[in-house]
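Trainee: Could you show me how to read the features of a structure that is new to me? I would like to start with helices and then look at single residues.

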Amino acid sequence: MIPIEHIQFAAITLTGFLTLMLVFMLPLRGEGGQVYNRSRWLMVSGTALLPVQFLLQYTLHFRQMGVEPAVLVNLLFFIPCAWLLGMAILNLLRQNSLRRQDWLVGLGCYVVVVILLLGANPTAGHGVLAVTRRLYFAEVLSAIVYAAMQFHYTACLWQEFRRVRLALENYFDRERRGVIRWMRNSTMLLSLSAVFAPAVIFWSGPLLVVYTLIIFFCISYTVVSFYGYGLDRHRLHDLQQVERSLQEDEQQAAADNDAGGELSEHDMKRIAAVVDRWLARGGHLHAGITIQTATDEMHVPRYLFSAWLKTTRQGLFNPWLTYHRIEEAKQQLTLHPEWNNDTIAEHCGFNTRTYFQTTFKRLTGVTPQEFLAQQ
């Protein structure tokens, strides 16, 4: 079996490297850069705790003193680390709009854990790191608090993922789920690690080594993906665009409601007529359009068009636009059977042939060639 000292030394090296990688990353400029930079320092604050924790374990030999002393140190450092990593992702999703309760939940949980752990033994006349049954139960309760805290932040993050995913589908003309994929995966991995923490932290031997490797992988994936996210300005720009559009739509809708204006049946019919004219002109066949460019061409307020979209079967801009593009593709396949898929994709506004073929099969159940053979 791998000696525990070797694992701890490897952990110091790995987590220290991840922290330095974030620290010395060049700061991003602009509004989107400010959001990312704040998330970066939140993540640095979390990851910086890890090499300190492993260095203490390595030099002071807590694991050799027993399971309980090592667990106490782990909890005191891992809980704020997990909290700050979650806050870094949440800050990205909310574009610098963290709420007071977002901070208070994590801070409150950590205060409870500190009181439980540091107050477990002194009143019984033992040192803080003394191996006692009271410390054991304090650590179990602390691990449960840790899991509950992680569950809370996971719920908040999944709510934000759904909000942003719907916003992306209602803004761009094709799928943009890659914008938040790494955040979703990181949240899932960190949450699963926290769920098993109450049982796993008291293990020893090979099982502890396996769990430690899993923790290393989760944190490394989160940090490296975050680093790569900052290098891809397009995804940051997409997220910023969507968040700004949501805020503008909410403000405009609130202003109209304050003025007594509601979306009437007459307004809905008027917007439907404008949309029909836009479709007849082939406005939906231009690649790379967004809901903003579409409403600019229609001369319709974006939030009203979004409200109208909710009355359609598709409900959102991207599914609605894709439906009409596929209907156009069906017509062109029938009218021009000699056209290849590249030509059809370009004509109908799909940015690539592969995306067109995949979307066509998903919506119709057959490939373009199979559809043509059925005609």
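Mentor: Happily; we will go through helix pairs, a buried helix face, the cores and a few single residues. Keep in mind that this is a predicted model.

Trainee: How do I describe two helices that pack together?

Mentor: Two packed helices are described by the angle between their axes and the distance between those axes. Take helix 6 (residues 100–118) and helix 7 (residues 133–169): their axes come within 9 Å and cross at roughly 175°. Angles over 145 degrees count as roughly antiparallel, so helix 6 and helix 7 are roughly antiparallel to each other.

Trainee: Which residues of helix 6 and helix 7 meet?

Mentor: On the helix 6 side they are D102, W103, V105, G106, C109, V112, V113, L116 and L117. Facing them in helix 7 are L135, A138, E139, L141, S142, V145, M149, H152 and Y153. By type, the residues of this contact divide into 13 nonpolar, three polar and two charged.

Trainee: And at what angle do helix 11 and helix 12 cross?

Mentor: Helix 11 (residues 265–280) and helix 12 (residues 291–298) have axes that cross at roughly 100° and come within 10 Å. Angles of 65 to 115 degrees count as roughly perpendicular, and helix 11 and helix 12 are therefore roughly perpendicular to each other. In this pair, V274, V275 and W278 of helix 11 meet A294, E297 and M298 of helix 12. That contact is made up of five nonpolar residues, no polar ones and one charged.

Trainee: Which residues of helix 12 are buried?

Mentor: I291, A294, T295 and M298 are the buried residues of helix 12. These residues lie on the same side of helix 12, because they cover an arc of only 90° around its axis. Their cover includes helix 11, helix 13 (302–309) and helix 14 (317–335). Just after helix 12 comes H299, whose phi is positive, near 60°.

Trainee: What should I look for in a nonpolar core?

Mentor: Look for the members that touch the most others. The largest nonpolar core has 95 residues, and L92, M183, Y229, F305, F317 and W320 touch the most other members. Helix 5 (residues 67–94) gives the most to this core, with 20 residues. Apart from this core lies another, of 12 residues, among them A345, F350, F356 and F371.

Trainee: What does F317 touch, leaving aside its neighbours within four places in sequence?

Mentor: Its contacts include E169, N170, Y171, F172 and D173. Also among them are I291 and A294, which are two of the buried residues of helix 12.

Trainee: Now for single residues: is S193 buried or exposed?

Mentor: Residues under 20% relative accessible area count as buried, and S193, at 5%, is therefore buried. S193 sits in helix 8 (residues 178–200). Not counting residues up to four places away in sequence, S193 touches Y211, I214, I215 and C218.

Trainee: How does D238 read in this way?

Mentor: D238 belongs to helix 10 (residues 233–258) and, at 11% relative accessibility, also counts as buried. Beyond residues up to four places away in sequence, D238 touches F172, R176 and V179.

Trainee: Where does K361 lie?

Mentor: K361 lies in helix 16 (residues 353–364). With a relative accessible area of 41%, K361 is partly exposed. Leaving aside neighbours within four places in sequence, K361 is in contact with V366 and T367. The C-alpha atoms of K361 and I326 are separated by 10.0 Å, and these two residues are 35 residues apart along the chain.

How values were computed: Residues are numbered from 1 along each chain as its sequence is written. This is a predicted model: local features need pLDDT of at least 70, side-chain atom pairs count only at pLDDT 80 or more; totals for chains, interfaces and linings use all residues. Side-chain values use heavy atoms; hydrogens and water are left out. Axes are lines fitted to C-alpha atoms, for helices over the stretch in contact, and angles run from 0 to 180 degrees between N-to-C directions. Helices (H or I, at least four residues) and strands (E, at least two) are DSSP runs, numbered from the N terminus. Angles under 35 degrees count as roughly parallel, over 145 as roughly antiparallel, 65 to 115 as roughly perpendicular and the rest as oblique. Contact means heavy atoms within 4.5 Å. Ala, Val, Leu, Ile, Met, Phe, Trp, Tyr, Cys and Pro count as nonpolar, Asp, Glu, Lys and Arg as charged, and the others, Gly among them, as polar. Buried means under 20% relative accessible area, exposed over 50%, partly exposed in between (1.4 Å probe, protein chains only). The arc is that of the directions from the helix axis to the C-beta atoms. A nonpolar core is a set of buried Ala, Val, Leu, Ile, Met, Phe, Trp, Tyr and Cys residues joined through side-chain atoms within 4.5 Å.
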